[in-house]
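Visitor: I have a new model open on my screen. Could you teach me how to read it?

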Amino acid sequence: MITRAFDRSAMSWSYEMHLQPMLSATDIEGLPFGSVFGSVPAHTVSKRHAHQDGEMFIVLAGRASVVLGDEERELGPGEVVYLSPFGYHEIRNESDEAFDIVSIYWEHIPSAVKVLEQAPPRDGFPERTLVFCPPPTPNGGLHLGHLAGPYVRADMLVRALRSMGRDARYVTGTDDHQSYVAAAARLRGTGPADVATAEGDAILATLRAAGIGCDRLTRPAGDPEHADRIRELFARVAASSAVTEEERETAYCPTCDLSLHQAFARGACGHCGAASDGEICEACGRPNEARELTGPQCRICGTPAVTRPERALWLDLNAYAEQLRDYLRDSYTSPDLQALVERLLDEGLPPYRLARSSEWGVAVGDGQTVDAWADLALTFLDAARAESEQGGPARITLFLGYDNSFYYAVLLPILAFAAELTEHLPTAFVTNQFLHLEGEKFSTSRGHAVWADDALAAAGPDAVRLALLRNAPEGRVTRITQERAGQLARDPLYLDAQEWLAGFAALTERSGGQVPGTGAWTDAHREFYRYLNLATRQLDGLLLPESFSARGYVRLLESFVARSAEFRATEEALRQVPSLAEEARTSLALEYLAAKVFAALAWPVVPELSQRVWDWLGLPAQPVREADWSFLPSGTRCVSAAPGLATAAVSSADGRS
């Protein structure tokens, strides 16, 4: 006889609850399940998680709510609940007593696979999505390192969602009130408004040239109502009990009579030692006040910084630490961002200065303006609020660089908590690291860059987008060489797709320019059709914010073209046999269907080429991404010769169209 007894002293902490092993196959040979005693302490929520096992809770004592997906049930002693595989679940114990259970779990792979088949990736996309990108700072032009971060990847998601029939809007702008604009103006001997306007116009022109369409642009310097809206939100934040007015020592340049913060300060990060400006370290993502830098000096004149007392409003970020934990637990955060924020929360969040001694920005009195990053966060909330008022509620996905993690995953949510605007926060954060040129970061000041405008003029938007998505710095630093940057139109997918599409010339001639209907099917035809649908689901899965991967998407798209080319090569012999005319019709119909599928799946990556294919097939408007692919109607006439596809694509890639 083997026995086990519930013993709180034998429990360990896991899944944010207490667990104690019960019986498993280790104890009893052949036992088809595992089991544990579990206890969720009073006023505690267990970790939200999923696994491939089926699971059953048997309640021993206490009362709590068990949540499975969108379902929630309160359970008490003697009650049982079944949790299906891959269902996200948690236990919310709001009572004053521990909630004690026995958990029995087992693996049944057919059940797990069935759950996945019944929940295709496309079901995870909401009807309406707002895709935000941090507004670039208008203190200079964009290089490939900038575009490789959030901007092209966010556009990729927006295009994909629209092709699925979803309402998706791209929101960005220019970060006009950033200290880097004011610093650039001082160094150039001009006004910050002039810099913001001129550089901002150039940045937006570059984004348009890259095929990035923005549905809402926030441009503070050119918006006469921006200051009033931000002051209204700032007042709501200032009314929080976590905000106090304090006098603190601040880095200062006596030569320039300048309060040193952010772009005006230079030194080394006190955490990792990397070169850093004030308030944030791009290398490790940690916040730091300018006076905390090692060897701080004025960026304008190089004078070593001294300190002076300055009075300002300060926000106690730690007052909202637990609310921030709860918010991030219910949102998706990329692993690198999650690790950083957890570390910051464990160490204790520093207080944050809400207003700066500056003449540039939204004035709030006493010679101070709203801190540039607070201004940016409030601008985000203002734009999200306006979108909600005009188009209804939407799920917000934010693409951002890892170096901005603190501002968007800590400061932004806490300002929203203080201003009571939490309904306008992102539900998903998708980060990127840096794209390096020849092993070093792109640097405008050192001229170590490939300018986006030059690359777009030389290779065309499709080639630039494809190269940057293939080398997207997702979860890691990626690299591009000067040689590769000069040959963007030579991408393997770009060349292989053109070669495959050019091959339709012979097919079109054979069919008299008309797409045939299907005839008799072979097993190979069936499996190729199955592949078209399965490949679509795989690519859909790489668009979900939780699993977003531009790099993976490009590689699967490359595989799609290779598979389609192989299908043509192996089917060609069949098409020459008169007695197999019925099978040949199906073979050709599948080829044209593959071209339709390619146009829709590739549109987020290479929109110009994809649109040409879509138009060539005589299909209306923009590419549509079907969940299960329908054939082109029999008799559909292609509107131009297939070789024109490759010719046009090459011309665009070489910058001649």
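Guide: Gladly. Let us start with contact, which means heavy atoms within 4.5 Å. Leaving out residues up to four places away in sequence, Ala196 touches Pro138, Asp176, Val181, Arg219, Ala221 and Trp360. This is a predicted model, where local features need pLDDT of at least 70, side-chain atom pairs count only at pLDDT 80 or more, and totals for chains, interfaces and linings use all residues. Residues are numbered from 1 along each chain as its sequence is written, and side-chain values use heavy atoms, with hydrogens and water left out.

Visitor: Is Ala196 buried or exposed?

Guide: Buried means under 20% relative accessible area, exposed over 50%, and partly exposed in between (1.4 Å probe, protein chains only). Ala196 has a relative accessible area of 0%, so this residue is buried. Ala196 sits in helix α4; helices here are DSSP runs (H or I, at least four residues), numbered from the N terminus.

Visitor: How do I describe two packed helices?

Guide: By the angle between their axes and the distance between the axes. Axes are lines fitted to C-alpha atoms, for helices over the stretch in contact, with angles from 0 to 180 degrees between N-to-C directions. Here the axes of α3 (residues 179–188) and α4 (residues 192–209) come within 8 Å and cross at roughly 110°. That makes α3 roughly perpendicular to α4, a label for angles of 65 to 115 degrees.

Visitor: Which residues of α3 and α4 meet?

Guide: From α3 come Val181, Ala182, Ala184, Ala185 and Arg188, and they meet Pro192, Val195, Ala196 and Glu199 of α4.

Visitor: How do I check a helix's length?

Guide: The expected span is 1.5 Å times one less than the number of residues. For the 22 residues of α17 (residues 581–602) that gives 32 Å, and the end C-alpha atoms are 31 Å apart, which agrees. In α17, 19 of the 22 residues are buried.

Visitor: And which element gives the most to the largest nonpolar core?

Guide: In soluble globular proteins, nonpolar side chains tend to be buried together. A nonpolar core is a set of buried Ala, Val, Leu, Ile, Met, Phe, Trp, Tyr and Cys residues joined through side-chain atoms within 4.5 Å. The largest has 92 residues, and Leu147, Leu543, Tyr553, Tyr592, Phe598 and Leu617 touch the most other members. α17 gives the most to this core, with 12 residues. Apart from it lies another core, of 56 residues, including Leu349 and Phe429.

How values were computed:
Helices (H or I, at least four residues) and strands (E, at least two) are DSSP runs, numbered from the N terminus. Angles under 35 degrees count as roughly parallel, over 145 as roughly antiparallel, 65 to 115 as roughly perpendicular and the rest as oblique.
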